[in-house]
Amino acid sequence: MKNNKAIYITQTAVMLALLIGVQFITRSFGQFVTGSMVNLILLVSVFIIGIYGGVTIAVLSPILAFLAGIGPAFIQIIPFIAIGNALFVTVAWLISKNYIGKLSAKDITISTIGLIAASISKFLFLWLGLVTIALPLIPGIKEKQAAVIGAAYSWPQLITALIGSMLVMMIVPQLKKAIKHV
């Protein structure tokens, strides 16, 4: 049991470090590249490590990104990003965990439905919760700043989540094969 716990902690730490590193490397490429890569890593984490590792990474990543100076500019929006990420990996896990990485038409269909549902869940939470409800109520954020944040946390979140989802459908089967052979 101790060995499994050590493996879990190590995998979680490695994926979290990878996620922060990818954000550093891709931040100059814009939201669609960075966001897609973040969503890919979140999904790979949940499908390879499991729900606890995936949610841990989902929640810690915006906090660490903020502390590293590569995350959101305002600390007040971090909880929304963390919850949106956690919702994303949880919905994906609940619907797709038994199907992702398998290559039958049924498995691919269910995985796709789960990943689309997860992407829509994250988008809706961020758009409704952050942009529509919370952002206007957060003190200290000017109108122009709110407009920029609102634009970043609306429809682009759906696009980047869907791109990350498409990529994970290609990557997880290969990762699962590689892990079996180790």
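Val59, Leu60, Ile63, Leu64 and Leu67 make a nonpolar surface patch of about 380 Å². Patch members have over 30% relative accessible area and no salt bridge (a Lys or Arg side-chain nitrogen within 4 Å of an Asp or Glu carboxyl oxygen), with nonpolar side chains joined within 5 Å; areas are Shrake-Rupley with a 1.4 Å probe. Heads-up: this is a predicted model, where local features need pLDDT of at least 70, side-chain atom pairs count only at pLDDT 80 or more, and totals for chains, interfaces and linings use all residues. Numbering runs from 1 along each chain, and side-chain values use heavy atoms, leaving out hydrogens and water.

**Partly exposed spots**
- Ile63 sits in helix 3 (helices are DSSP H or I runs of at least four residues, numbered from the N terminus).
- With a relative accessible area of 34%, Ile63 is partly exposed (buried is under 20%, exposed over 50%).
- Gln174, in helix 7, is also partly exposed, at 47%.
- The C-alpha atoms of Gln174 and Gly101 are 7.7 Å apart, despite a gap of 73 residues along the chain.

**Nonpolar cores**
- The largest core (buried Ala, Val, Leu, Ile, Met, Phe, Trp, Tyr and Cys joined through side-chain atoms within 4.5 Å) has 31 residues, and Leu42, Phe47 and Val168 touch the most other members.
- Helices 1, 2, 3, 4, 5 and 7 each chip in at least two residues, with the largest share, eight, coming from helix 2.
- Beyond neighbours within four places in sequence, Leu42 has contacts (heavy atoms within 4.5 Å) that include Leu19, Ile57, Phe88 and Lys122.
- There's also a second, separate core of 11 residues, among them Ile81, Leu126, Ile149 and Tyr153.

Terms used. Buried means under 20% relative accessible area, exposed over 50%, partly exposed in between (1.4 Å probe, protein chains only). Patches are made of residues with over 30% relative accessible area and no salt bridge: like charges are joined within 9 Å, nonpolar side chains (Val, Leu, Ile, Met, Phe, Trp, Tyr) within 5 Å.
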